[in-house]
Amino acid sequence: MAFAIKFGTSGWRAIVAEEFTFANVRRAVSGIARYVASQKSSGARVIVGRDPRFLGETFCALAAEILSAHSITPLVISAAAPTPAISYAVIRERADGAINFTASHNPPEYNGIKFSTPDGAPALPEVTTKIEEEIVAFDSAGQIKAARKCSAETLDPRDMYLARLREIVDFRIIRNASLRVVYDPLWGAARGYPDALLREAGIETVSVHDYRDVLFGGHAPEPDDHLFDDLRKQMRKIKAHIGIATDGDADRFGIVDEDGTFFQPNYIIALLFDYLVVSRGWKNGVGKSVATTNLINALAQHHGVELHETPVGFKYIGELIKQDKVAIGGEESAGLSIRHHVPEKDGILAGLLCCEMVAARGKSLGKQLQDLFVKVGSFYPRRENFRLTPEVKEKFTGKLGQNPRVFFGRKVKEVVRTDGLKLICADDSWVCYRLSGTEPVVRVYSEARSPEDIEKLSAAAKQWIFE
């Protein structure tokens, strides 16, 4: 029986040479090709791109052959390209989708496939379900569609995407503030993107890890606090005002303040929301996942802006952006985008907007966050992962179906099941539990209104799992 390929919140990912094999890639791409052909009988065009991972070029060539065999014209991007740039190219080229070989921020031994629909957004569950069905149908057919001469065309999304960023970000403000910036692409697909724009505008910019390394320095290319020692070193060297980073495919961001403090994505999304309302006058709405800070809720109420809370998965926020229902939408896992832009996470844009915000307000991120706390109150979010034994997982899964009225002495005022189980307490603290669909792990998101209380709440949240 063939291995079942399943597309999760960000496509299909697996370890190279274990499940991510040439045979399984052929099956996955064939499923996508069959789906695209079912949606458009002739004249379909699909973009094929990749991040810098091992064998990316080879997988792209294989995908181009399979698409051609299904009478679909592949538009192949030769160099590694950021996910948001590929998304924007889908829209600009009016393509019928994009196949992107990337495992995003996963460790280097992984690769993956993201499929974007003709709107440039991550494929929604109703689409990926059909693709999975087409993979099964391909397996059942027992034969590979006869290949014809590959009809691939080439595409370079860089210039069109950078032109769009010049329209969105006010580089004049950044330059006039004499901002100094350090950028870390983490050896990923965004090398030569945000740093090129900053230098072009006359802004002092230093880059680190600016070369291809399929091992990403020996760790996952995730823009997280523990990987920014080299970035901080350069920040100290040039007395930088801000450090910005992107993950392997540049859909996620990491931001470091002038004093070396890593700023968690929850706070960045809230700060940028406030900045866009004030600087652009955008008050059409704000989107956030159920696991993202309620600081955004408080700001939405303060600004008189409608709040949209979604399940976890940027595809849901992407829908809000397509419908122009939000000025900005984001997730605590470091994904965001804004109105009139791609319905996909854009870590490059996030970093550049942070540069503009720091320059325009003349204050560090830390000082700006304190200003927000004065305005709407303080919020202290936290995310933790806990591995579960089969016995604990079975027992805990049963508990997730409960509706507790009290949580360790805190009165529960609302139970939310948008995604997992979220308990909102009378003191405005909350805990959200989400079981992983791929491993025996529970993700625990919690938030309290003081540093002391988040320690107590975090301990209680863990105790509730294992008691």
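A residue counts as buried when its relative accessible area is under 20%. By that cut-off, Leu295, Ile296, Ala298, Leu299, Ala300 and His303 are buried in helix α10, which spans residues 295–303. The model is predicted. This briefing covers a six-stranded sheet, the helices α2, α3, α5 and α10, and the cysteines.

**Helix α10**
- Several elements contribute to the cover over the buried residues of α10. Among them are helix α9 and helix α13 (365–376).
- Strands take part in that cover too, including β12 (286–289), β13 (307–310) and β21 (441–448).
- Gly304 follows α10 and has a positive phi, near 70°.

**The six-stranded sheet**
- The sheet is open, and its pairing is mixed. Its strands run in the order β1-β5-β4-β2-β3-β6.
- Strands in a sheet pair through backbone hydrogen bonds, in parallel or antiparallel fashion.
- β1 (12–15) and β6 (153–154) are the edge strands. Each has a single partner strand, so one side of each lacks a neighbour in the sheet.
- β1 pairs with β5 (residues 110–116) in the antiparallel sense, over four bridges. Within this pair, Ala14 has Asn111 of β5 as its bridge partner.
- β4 and β5 also run antiparallel, joined by four bridges. Here Phe101 stands opposite Ile113 of β5.
- β2 and β4 pair in the parallel sense, again with four bridges. Arg50 stands opposite Phe101 of β4.

**Cover over the sheet**
- Both faces of β4 are covered. Ala98 and Asn100 are buried on one side, and Ile99 and Phe101 are buried on the other.
- Helix α2 (residues 56–69) lies across four strands: β2 (45–50), β3 (73–76), β4 (98–101) and β5.
- The angle between α2 and β2 is about 170°. Angles over 145 degrees count as roughly antiparallel, so α2 and β2 are roughly antiparallel.

**Helix α5 and its packing on α3**
- Helix α5 covers residues 158–168. Its buried residues are Met160, Tyr161, Leu162, Arg164, Leu165 and Ile168.
- Helices that help cover these residues include α3 (83–93), α6 (171–176), α7 (194–200), α9 (265–280) and α12 (347–361). Strand β15 (335–338) is also part of the cover.
- Two packed helices are described by the angle and the distance between their axes.
- For α3 and α5, the angle is about 95° and the axes are 9 Å apart. The two helices are therefore roughly perpendicular.
- On the α3 side, the contact uses Pro84, Ala85, Tyr88, Ala89, Arg92 and Glu93. On the α5 side, Met160, Tyr161 and Arg164 meet them.
- The residues of this contact divide into six nonpolar, no polar and three charged.

**Cysteines**
- How many disulfides does the model contain? The count is zero, with sulfur atoms required to lie within 2.5 Å.
- Cys354 is in no disulfide. The nearest cysteine sulfur belongs to Cys355, 7.2 Å away.
- Is Cys354 buried or exposed? Cys354 counts as buried because its relative accessibility is 0%.
- The sulfur of Cys425 has its closest cysteine sulfur in Cys432, at 12 Å. That is too far for a bond.
- Cys425 is buried as well, with a relative accessible area of 1%.

How values were computed
Residues numbered from 1 in each chain as written. Predicted model: local features only at pLDDT ≥ 70, side-chain atom pairs only at ≥ 80, totals over all residues. Heavy atoms only, no water. Pairing = 2+ DSSP bridges. Contact = heavy atoms within 4.5 Å. Axes fitted to C-alpha atoms, helices over the stretch in contact; angles between N-to-C directions. Buried < 20%, exposed > 50% of the residue type's maximum accessible area, 1.4 Å probe, protein only. Parallel < 35°, antiparallel > 145°, perpendicular 65-115°, else oblique. Nonpolar A, V, L, I, M, F, W, Y, C, P; charged D, E, K, R; others polar.
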